[in-house]
Amino acid sequence: MLRPGKRPFGAENAMIVRRVLQRIRRHFPDTHVLVRGNGLFSGPELMGFIDAMPNVDFIFGFSCNVKLLATAEPTRLRAVDLWVAAQSQAQPATVISRLFKIAVQVRQTRSKMSFICRTLVPSNICCRP
C-alpha cells in the first residue's frame, strides 16, 4: 500500500492487515498466510495481532542495534573463520551466511518473541583481526 504523507504505525498497520487478511480468508479459508514487511511496518500491536491469528505467521526485517550486534558477534566470528577457510578452495565463497535464534522480551507487550537473525560475511572483508 503506497500512501503519501506520514507512515502508519502499529495500530493502524494492524487494522490494514486485518482487513486484507479478512478478504483473503473469505476466498481461501484454509490457506496458510505469511505476512512480510520491514521494521518500519512492524510494531508490537501488529506482531501481537498476527501472532494471535491461527494459520498466519510473519517475517519482518529489522535494522541492527547495539544489543543485537553484541549478540551476533560470536556467530559473525564463526562466519569469518568459515570465509577465511573457504578462500583456499578451488572456487572460494564470495559470501558466508549464518543464522542464529534469540529470544527477546518485548517491552510494550511484556511477552517473549523469538527472532532469527542472519549474519553475512561478504568477500570485501580481509580477515579476522
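Colleague: Which residues does Leu21 touch, not counting those up to four places away in sequence?
Modeller: This is a predicted model. Contact here needs heavy atoms within 4.5 Å. Leaving out residues up to four places away in sequence, Leu21 touches Val33, Phe49, Met53 and Val56.

Colleague: How many residues make up the largest nonpolar core?
Modeller: Leu21 belongs to this core, and so do Val33 and Val56. Other members include Ala14, Ile50, Phe60 and Met113. H1, strand S1 (33-38), H2 and S2 each supply at least two of its residues. The total is 11 residues.

Colleague: How many residues are in the other core?
Modeller: That core lies apart from the largest one. Among its members are Ala79, Val80, Ile96 and Val121. Its count is 5 residues.

Colleague: Arg25 has no salt bridge; how far away is the nearest side chain of opposite charge?
Modeller: Arg25 is found in helix H1 (residues 10-27) and is buried. A salt bridge needs a nitrogen-to-oxygen distance within 4 Å. The nearest side chain of opposite charge is Asp30, and its distance from Arg25 is 7.0 Å.

Colleague: Which residues does Arg25 contact, leaving aside neighbours within four places in sequence?
Modeller: Asp30 is in contact with Arg25, although the two form no salt bridge. With those neighbours left aside, the full set is Asp30, Thr31, Val33, Pro54, Asn55 and Val56.

Colleague: What is the phi of Asn55?
Modeller: Asn55 lies in the loop between helix H2 (44-52) and strand S2 (56-61). Asn55 is partly exposed, with a relative accessible area of 36%. Most residues other than glycine have a negative phi. Asn55 is not a glycine, yet its phi is positive, at about 65°.

Conventions: Residues are numbered from 1 along each chain as its sequence is written. This is a predicted model: local features need pLDDT of at least 70, side-chain atom pairs count only at pLDDT 80 or more; totals for chains, interfaces and linings use all residues. Side-chain values use heavy atoms; hydrogens and water are left out. Helices (H or I, at least four residues) and strands (E, at least two) are DSSP runs, numbered from the N terminus. Buried means under 20% relative accessible area, exposed over 50%, partly exposed in between (1.4 Å probe, protein chains only). Lys and Arg count as positive and Asp and Glu as negative; His and the chain ends are not counted. A nonpolar core is a set of buried Ala, Val, Leu, Ile, Met, Phe, Trp, Tyr and Cys residues joined through side-chain atoms within 4.5 Å.
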